[in-house]
Amino acid sequence: SSDVCSSDLNRWPRDLPGFRETCIEYFGAMAQTARRILTLHSVALGLGRDWLVEHDAFSSDTYTLRLLDYPTKPGGLSIDSENAGVPGRPPLAASKHTDVAGASLLWQREPGLQAQSTDRVWHDVPMLPNTVSVHLGTVLQLMTDGRVPATPHRVLDHGQHRQSVAFFVEPGLGTHLAPLGADDVADPTGPGTYGWHLQERFSQMDGYRTIIPAPG
């Protein structure tokens, strides 16, 4: 929540006047936008206007704001040397993935973000002033039994320094991600919870396999 975002638990830079206040304001604006997105999906699913907003998965506003940085190699070379120069394989700063969240709201300062449509075609996400792109995540996909599919996306590496700001709409770690209408389980740490799902996904990623074990 905004209270957590503004608390002393965070480590704020001391040499950037206004940075903390700007982050807190942005967090609040994105949280309000996220609730409206959840409302729209509640209506579209025929669940009533506030069903998702008031669901245990999202009622506590356990959201995450991340400032993302994609550095370049010396000389502006691609950070994806494996794909650079290979016909039909564009170099990537982030490979194809779906976000482990209910949804993510992304602002990009430089181009490169692409989303994949249901026909598997990749589309550039345009950079529009004062605009964020919305990517649906695996949490909503699980909760709706696939009726709301997660959005595959990736980031192309154009050989330039790239920065973006991502806001992830996340449930609490103990929230059970059963399809809507199903009975919740009592175990807040077992299979089917967001914490379990999060650990499972990270344990399968190349950069985390040796650090994060698969959930038991």
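What share of the 216 residues of the protein chain count as buried?

1. The model under review is a predicted one. In it, 39% of the 216 residues of the protein chain count as buried. The accessible surface of the chain comes to about 12,500 Å², and carbon and sulfur atoms contribute 55% of that area.

2. The protein chain contains five helices and eight strands. Read from the N terminus, the order of elements is α-α-α-β-β-β-β-β-β-α-β-β-α. Among contacts in the chain with a separation of 6 or more, 64% join residues 24 or more positions apart.

3. Glu 170 deserves a separate entry. This residue sits in the loop that runs between strand S8 (162-169) and helix H5. Glu 170 is buried but has no salt bridge. Arg 66 is the nearest side chain of opposite charge, at 8.3 Å, whereas a salt bridge requires a side-chain nitrogen within 4 Å of a carboxyl oxygen.

4. What does the side chain of Glu 170 make a polar contact with? The partner is the side chain of Thr 64, at 2.3 Å. With neighbours within four places in sequence left aside, Glu 170 is also in contact with Ala 57, Thr 62, Tyr 63, Val 100, Ala 101 and Tyr 194, in addition to Thr 64.

5. Tyr 194, one of the contacts of Glu 170, belongs to helix H5, which spans residues 194-203. Tyr 194 is among the buried residues of H5, together with Trp 196, His 197, Leu 198, Arg 201 and Ser 203. Helix H4 (138-143) is included in what covers these buried residues.

Note on methods
Residues are numbered from 1 along each chain as its sequence is written. This is a predicted model: local features need pLDDT of at least 70, side-chain atom pairs count only at pLDDT 80 or more; totals for chains, interfaces and linings use all residues. Side-chain values use heavy atoms; hydrogens and water are left out. Buried means under 20% relative accessible area, exposed over 50%, partly exposed in between (1.4 Å probe, protein chains only). Helices (H or I, at least four residues) and strands (E, at least two) are DSSP runs, numbered from the N terminus. Contact means heavy atoms within 4.5 Å. Accessible areas come from the Shrake-Rupley method with a 1.4 Å probe; for residues, only the protein chains shown count as cover. Lys and Arg count as positive and Asp and Glu as negative; His and the chain ends are not counted. A polar contact is a pair of N or O atoms within 3.5 Å; within protein, one must be able to donate a hydrogen and the other to accept it, and residues adjacent in sequence count only if both atoms are side-chain atoms.
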